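This short report walks through a few features that can be followed in the sequence and the 3D view. Please keep both at hand while reading.

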There are 2 protein chains.
Amino acid sequence: MKPLTIGHLAKQAGVNLETVRYYERRGLLARPPRSASGYRLFPSDAARRLKFIRRAQELGFSLTEIKELLSLRVSRTTTSAVIRARAEAKIADIEAKIRSLESIKKTLRKLTGVCDGCAPLSECPILESLDREGA
Amino acid sequence: MKPLTIGHLAKQAGVNLETVRYYERRGLLARPPRSASGYRLFPSDAARRLKFIRRAQELGFSLTEIKELLSLRVSRTTTSAVIRARAEAKIADIEAKIRSLESIKKTLRKLTGVCDGCAPLSECPILESLDREGA
DNA sequence: CTTGACCCCGTACCGTGGTACGGGGTTTAG
DNA sequence: CTAAACCCCGTACCACGGTACGGGGTCAAG
């Protein structure tokens, strides 16, 4: 639970040290307290936050969106109703993503089934997923 | 079912015309036949393919990965066993994405539940999702 | 008390995924 | 038969998300 220097944090989270500074600049990581000589001293849960950011990126969220996600919490300055609305919007986004992924997955499963069933497949069956629904 | 010029295709798929050319260069779209004067004449299902690409991008796939996804199909040059293995790898990727999304969603649901239950929440509850499991 | 590892900051540079530009031919509607 | 609208191609440029560089201070081991 002792504070981490930027190098240790970066190593622990598996990211580049410069990336940590970059996220701080972008506001994804709070500006940490500094030692007398100006070194950043990160709370140990900063590593968790970094890992969250990386995972969320892999799921197609931009850094801006991730920042929004991370700031969803009840506070003095934001009422729970506002938070609730924002969270529900995010949930809808996420559910749409999940549906799309399920759809691709289903298609891929059909594809792996070919070997067993020898069913005929269209030229590029994957195109059959993700049809309809406006952008 | 008549062929589309690049402009019509772009409009139909809701993408920039230059993007179509870019995808063609990147190999995500087959080089289409040309008219006598050199105009591209796309089969009408190219629009579907473009929409697929855009959706897959929103799900965090890079253009390179999308190209791979799109090329998953049985052909003369690729045996079904190879395809099967590739498809199964993609399925595993997708399932991991879905799990991560479900995890974030669950956290967000807890958040929206606050209004009703007035349960105390940690400072930033979203961090609790996506914990553990190596990158 | 020096040497190597680490940190600071600002700025420059890079890969990905486009998007724009510009000089030129083509097609089509009036 | 001409003007608008479209297409060609190559090249330049852009935003995002980093990543590297370089000149300087700091800290810990020998």
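## A residue before the first helix

A:Pro3 is partly exposed, because 16 other C-beta atoms lie within 10 Å, where 20 or more would make a residue buried and 12 or fewer exposed, with C-beta atoms placed from the backbone. This is a predicted model, in which local features need pLDDT of at least 70 and side-chain atom pairs count only at pLDDT 80 or more, while totals for chains, interfaces and linings use all residues. Residues are numbered from 1 along each chain as its sequence is written, and chains are lettered from A and ligands numbered from 1 in the order in which they are written.

A:Pro3 belongs to the segment before α1 (6-13) of chain A, helices being DSSP runs of H or I with at least four residues, numbered from the N terminus. Leaving aside neighbours within four places in sequence, A:Pro3 is in contact (C-beta atoms within 7 Å) with A:Leu41, A:Phe42 and A:Pro43.

## The nonpolar core

The largest nonpolar core, a set of buried Ala, Val, Leu, Ile, Met, Phe, Trp, Tyr and Cys residues joined through C-beta atoms within 7 Å, has 26 residues, and A:Leu9 and A:Ile66 are among those with the most contacts inside it. Its largest share, six residues, comes from α3(A).

## Around DNA strand D

Among the 19 residues around DNA strand D (C-beta atom within 6 Å), those that come nearest are A:Asn16, A:Ser37, B:Thr5, B:Gly7 and B:Arg40.

Key
Helix = DSSP H or I, 4+ residues; strand = E, 2+ residues; numbered from the N terminus. Contact = placed C-beta atoms within 7 Å.
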